[in-house]
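Please work through the following exercises with the sequence and the model side by side. Each task sentence is followed by a solution that goes step by step.

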Amino acid sequence: MLVVYPQTKTYFSHWKDLSPGSAPVRKHGKTVMSGVAEAVSKIDDLTNGLLTLSELHAFQLRVDPANFKILSHNLLVVLAIQFPDDFTPEVHVAMDKFLSALALALSEKYR
């Protein structure tokens with residue numbers, strides 16, 4: 001994501017190494033995917049379940065909510081590449097719907 005969408009690097013200017021596979025990038029990737037896992041566990045009420053995460057990104061980190069859509073797109077691409085046999089059109093639609101709902105929930109505090 002940092003390579004294909006260089007505008008996302010602005011949030012990580014304090015990192016010494018932004019290259020793919022670097023320690024800070026890998027650590028943040030784990031943090032992001034933990035957030036996605038949390039969203040799965042709160043799928044019945046994403047807006048309230050992710051309220052704290054939404055507040056963090058809106059008020060403290062000040063992340064542009066457009067980046068949530070970029071992340072969603074990147075996750076779909078990675079899933080399609082890593083699991084080509086399992087990433088059927090039905091799975092694609094389901095994942096896109098979930099990730100769109102996740103992006104919307106994370107954007108809640110921006111409104």
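**Exercise 1. Confidence**

What pLDDT does the protein average, and what percentage of the residues score at least 70?

*Solution.* This is a predicted model, in which local features need a pLDDT of at least 70 and side-chain atom pairs count only at pLDDT 80 or more, while totals for chains, interfaces and linings use all residues. Residues are numbered from 1 along each chain as its sequence is written, and side-chain values use heavy atoms, with hydrogens and water left out. The pLDDT, which is the predictor's confidence in each residue on a scale from 0 to 100, averages 95 over the protein, and 100% of the residues score at least 70. Confidence is lowest in helix H3 (residues 51-60), where the mean is 95, and highest in H5, where it is 97. Helices here are DSSP runs (H or I, at least four residues), numbered from the N terminus.

**Exercise 2. Helix H1**

Compare the span of H1 with the expected one, then determine which residues of H1 are buried and what covers them.

*Solution.* Begin with the length: the expected span of a helix is 1.5 Å times one less than its number of residues, so the 19 residues of H1 (residues 23-41) should span 27 Å, and the end C-alpha atoms are indeed 27 Å apart. Next, sort the residues by relative accessible area, where buried means under 20%, exposed over 50% and partly exposed in between (1.4 Å probe, protein chains only). Gly 35, Val 36 and Ala 39 are the buried residues of H1. Viewed down the axis of H1, they fall within an arc of 100 degrees, so they line one face of the helix; the arc is that of the directions from the helix axis to the C-beta atoms. An α-helix has 3.6 residues a turn, so residues three or four places apart point the same way. On the other side of H1, the exposed residues are Ala 23, Arg 26, Lys 27, Lys 30 and Ser 41. Finally, the cover over the buried residues of H1 includes helix H2 (46-49), helix H4 (66-82) and helix H5 (89-106).

**Exercise 3. Helix H5 and the nonpolar core**

Carry out the analysis for H5, and find which helix gives the largest share of the largest nonpolar core.

*Solution.* H5 has 18 residues and reaches 25 Å from its first C-alpha to its last, close to the 26 Å expected. Its buried residues are Phe 98, Leu 99, Leu 102, Ala 103, Ala 105 and Leu 106. Down the axis of H5 these buried residues fall within an arc of 160 degrees, so they too line one face of their helix. The face turned away from that buried side carries the exposed residues Pro 89, Glu 90, Val 93, Lys 97 and Leu 104, whereas the buried residues are covered by elements including H1, H2, H3 and H4.

Now turn to the core, a set of buried Ala, Val, Leu, Ile, Met, Phe, Trp, Tyr and Cys residues joined through side-chain atoms within 4.5 Å. Of the 15 residues in the largest one, Ala 39, Leu 46, Leu 50, Phe 98, Leu 99 and Leu 102 touch the most other members. H1, H4 and H5 each supply at least two residues of this core, and the largest share, 6 residues, comes from H5. Not counting residues up to four places away in sequence, Leu 50 touches Glu 38, Ala 39, Leu 102 and Ala 105, contact meaning heavy atoms within 4.5 Å.

**Exercise 4. Two buried polar side chains**

Which partners do the side chains of Asn 67 and His 57 reach?

*Solution.* Asn 67, in helix H4, counts as buried because its relative accessibility is 9%. Its side chain makes a polar contact with the side chain of Tyr 11 at 3.3 Å, a polar contact being a pair of N or O atoms within 3.5 Å of which, within protein, one must be able to donate a hydrogen and the other to accept it, and for which residues adjacent in sequence count only if both atoms are side-chain atoms. Leaving aside neighbours within four places in sequence, Asn 67 is in contact with Met 1, Thr 8 and Tyr 11.

His 57, in helix H3, is buried at a relative accessible area of 17%, and its side chain reaches the backbone oxygen of Leu 53 at 2.9 Å. Beyond four places in sequence, the contacts of His 57 are Arg 62, Val 63, Phe 68 and Tyr 110.
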